[in-house]
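Here is a quick tour of the model on your screen. Start with how the chain holds together, then zoom in on one pair of strands.

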Amino acid sequence: MSMQAVALLDTPGGSDWERDLAWRMERTRPGDTARGVMFKGTLEAVRGLGDGAAVRSCLEASGEERFVDAFNYPMHSLLRMLGCAARQLAPRYGGGEEALKELGRRTKADYLCSPLGRVVKVLTHGSPRRMMESAPDIHRQTMSFGTWSVEWTGPSSGRVVSRGDFLPVACQEGELEGLLRATGGKRAWVKREWVDGLDGGFAFAWE
């Protein structure tokens, strides 16, 4: 087990989300990568605390010096950064799980502000349905691993099935919610239905 994962597991009073993060970290491989925009969104969320030391600690946790939106970086580094960021943000958002969800929202918001994300946003024409239909492609553009698929249960409701995704489940919930919000979905919500290791199902709807 890596030293970073051991540190997470041995954190005094370590929570379920920390243990889950360590478990996911141990299963990443060298070829599993995430785009730089995912890292930058995480750092921006921590920067909102107004604490430069917190930002520096998250950057140090990643083992990287800087990030370029379209470049690929090790997923292991992103998980280390997420662990550090969730601990920094937990007091503001009511716990590590909610902090991870907010980090998921922030990374997708930053993606949609990137050149590639702006193209996606234009093509969806402000439609929550089109945005969710684009979710599998968005995942492929930002991650080298895993798949998302969309099943529709109604005109404004459906389910995303995630396979082989190393991101914590709360982050995935936040990402999907962020996509719905970006296209003006009113009273949009996302709820995990089931989780089995690196797989999961997420129901979603909007008005």
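## Contacts and overall build

Of the contacts in the protein with a separation of 6 or more, 62% come from residues 24 or more positions apart; contact here means heavy atoms within 4.5 Å. Keep in mind that this is a predicted model, where local features need pLDDT of at least 70, side-chain atom pairs count only at pLDDT 80 or more, and totals for chains, interfaces and linings use all residues. Residues are numbered from 1 along each chain as its sequence is written, and side-chain values use heavy atoms, with hydrogens and water left out.

The protein has 207 residues and a radius of gyration of 16 Å, which agrees with the value near 17 Å for a compact globule (taken over C-alpha atoms; the rule is 2.2 Å times the number of residues to the power 0.38). Half the story is inside: 50% of the residues count as buried, meaning under 20% relative accessible area with a 1.4 Å probe, protein chains only.

| Item | Value |
|---|---|
| Box around the C-alpha atoms, along the principal axes | roughly 45 × 35 × 35 Å |
| Exposed area of the protein (Shrake-Rupley, 1.4 Å probe) | about 9,500 Å² |
| Share of that area from carbon and sulfur atoms | 51% |

## A strand pair

The protein contains 9 helices and 6 strands (DSSP runs: H or I of at least four residues, E of at least two, numbered from the N terminus). Strands β3 (residues 147-154) and β4 (residues 157-163) run antiparallel, joined by 7 bridges; strands pair if DSSP finds at least two bridges between them. They make a hairpin, with 2 residues between β3 and β4. Glu151 has Arg159 in β4 as its bridge partner.
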